[in-house]
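This report describes strand pairing, helix packing and internal space in one protein chain. The structure is shown below.

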Amino acid sequence: MELSPSAHADSFCRDRLPPFPLWPELHFDLPELHYPDRLNSAQRLLDDAVERWGPDRPCLLTPTERWTYGELQHRANQVAQVLTEDFAIRPGTRVLLRGPNNPWLVATWFGVLKAGAVAVTTMPLLRATELSELSGISRPAVAVCDHRFLGELVAADTPGLAVIAYGGAGEDDLAQRCAGKSGRFVNVDTAADDVALIAFTSGTTGRPKATLHFHRDILANADTFSRHVLKPHQDDVFTGTPPLAFTFGLGGLVVFPLHVGAATLLIEQAGPEQLADLVAEHRVTVLFTAPTAYRAIMAAGAVDKLSGLRRCVSAGEALPAQVWEEFHAATGHRIIDGIGATEMLHVFISAADQDIRPGSTGRPVPGYRARIVDEQGEPVADGQPGLLAVTGPTGCRYMDDPRQSTYVRDGWNVTGDTYIRDQEGYFWYVARSDDMIVSSGYNIAGPEVEKALAAHPHVEECGVVGAPDSKRGMLVKAYVILRPGVQANEATAKELQNHVKRTIAPYKYPRAIEFVTELPRTSNGKLQRGELRRRAHSAAS
């Protein structure tokens, strides 16, 4: 395997790619996946769109704003000028992005790619300790942050990190800096296999894993799942709830709509009823959200507001057949389910329209191959549970991380999910195979929550697992041994929950806490999370 000559003057990312023998097998079975050696995905998604359809097409919408393709291009060029002229960003330099879903975040993402730099997408809810860890791994030189979310970034106190705020009133605000730029910028001539994006996924050991994605990878997801399963139209309006820091959100709310010249409604925050209202008000036709939201919209009696939808997409957690059936009965819409992974960038198993089997995730997306294997990597018979393994035009490349050899085995990406394939080739989800808790579409590592809890002076020991929940699919449950003299009561539980919310992203906090006198451990003292999971499942049944 050989990489193209890189445009990156800063070789940090390329130097930290896994050794070629540890890469997954890559194959480009579809003609649209044959990209040129020199490729800048911002050029293909944005500049080519302006040239093809004109600058006046609606592009980014919010409840109060409307940006055209031409306006997004102009501002992305200005951002690229700010980064290169004011902050001396070189191709390959990492730029950390922090903010909710809004137009300036999208403009900055495109500006970073145009400059040949590497976007480091982060969740806006992350706390200082988490941001410090992510920065320590990716080593960004600049962070571009929504002014409302500066506090934790400043508290992280990352050495040498320049911070640019946007959305505020100061003269150093990104918008003010951009106003002084011409908006003319020549995109860096990046290689198709230059790193464009670092996306983090929670590690089951608590340490995040940085996944490296190329410019061609960004387009490959649009040319597989979006093109062949979603099949969007140019006059579609997309919207959804996943943050752009999630690759699911980045694809569904930026890459896929711009790939076909469609518009996207960016929502910073919305409950189920508000989401339904916005869908109706802005005539949204393509909705990306988690099963939790579809359930909640039905429970709120707001399904009539979704009548204008053409496509409903669910991912992030398994979609129960009952939810699919109830939603179909209430709306006539057939929810497109799918499984993706940060390591793969987006969805690789799915089904749409008459190909859907309620309760099944679907079949491999065109361009991908999937099979079920045992622990030795040998295929298992249809109808038997095993590990999901997949290959395609994208694949896992952890940055300088020994866990690469765990995820990639014999050229296959082994996702950590237990599945069954039936005789028709449909894949049926059974469970996560590791310590990951998938709650309302968020991946939460149990050991990370344990670490946060253990830092509280009341806690002697703790174990955290996922417990079944009718609303969220799973919720975070903590089993806690308290130090002597501490009362095992509701007030103590609330104090521990608030402590976790202050320590790590609030969505990770344990919604259920059970106080115990001992935890199950192996003979060598290792916590038996499998036993805790069995307890949590028994208590919920």
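In this predicted model, Leu60 stands opposite Thr264 of β10. The two strands concerned are β1 (residues 58-61) and β10 (residues 263-265), which run parallel and are joined by two bridges. Both belong to an open sheet of nine strands with mixed pairing, in the order β2-β1-β10-β9-β11-β12-β13-β14-β15. At the edges stand β2 (66-68) and β15 (363-364); each has a single partner strand, so one side of each has no neighbour in the sheet.

There is also an open sheet of three strands, ordered β23-β24-β25, again with mixed pairing. Its edges are β23 (459-469) and β25 (512-515), each with a single partner strand, so one side of each is left without a neighbour in the sheet. From one strand to the next the twist averages 25°. Strand β24 (residues 473-482) runs parallel to β25, and four bridges join them. One residue pair in this ladder is Tyr479 with its bridge partner Glu514 in β25.

Two helices contact β23 and β24. Helix α14 (residues 446-454) lies across both strands and runs at about 145° to β23. Helix α16 (residues 529-540) packs on the sheet, touching β23 and β24, and its direction makes about 50° with that of β23.

Turning to internal space, the model holds five cavities of 30 Å³ or more. The largest cavity contains about 110 Å³ of space. It is lined by 13 residues, and Leu97, Leu105, Thr121, Leu244 and Ala245 are the closest to its centre. Elements giving two or more residues to this lining are β3 (94-98), α4 (103-114), β4 (118-122) and α9 (247-260). Among the contributors, α4 gives the most, with three residues.

The second largest pocket has about 280 Å³ of space. Of the 18 residues lining this pocket, Glu65, Asn102, Pro103, Arg148 and Glu268 lie nearest its centre.

The table gives the residue classes of the two linings.

| Site | Nonpolar | Polar | Charged |
|---|---|---|---|
| Largest cavity | eight residues | four residues | one residue |
| Second largest pocket | six residues | eight residues | four residues |

What kinds of residues make up the lining of the largest cavity? Eight are nonpolar, four polar and one charged. In the lining of the second largest pocket, eight residues are polar, six nonpolar and four charged.

Note on methods: Residues numbered from 1 in each chain as written. Predicted model: local features only at pLDDT ≥ 70, side-chain atom pairs only at ≥ 80, totals over all residues. Heavy atoms only, no water. 1 Å grid on protein atoms, 1.4 Å probe; cavity = no way out; pocket = protein on both sides within 12 Å on 5 of 7 lines; lining within 4 Å. Points joined across faces, edges and corners; volume = space filled by probe spheres on them. Nonpolar A, V, L, I, M, F, W, Y, C, P; charged D, E, K, R; others polar. Pairing = 2+ DSSP bridges. Axes fitted to C-alpha atoms, helices over the stretch in contact; angles between N-to-C directions. Contact = heavy atoms within 4.5 Å.
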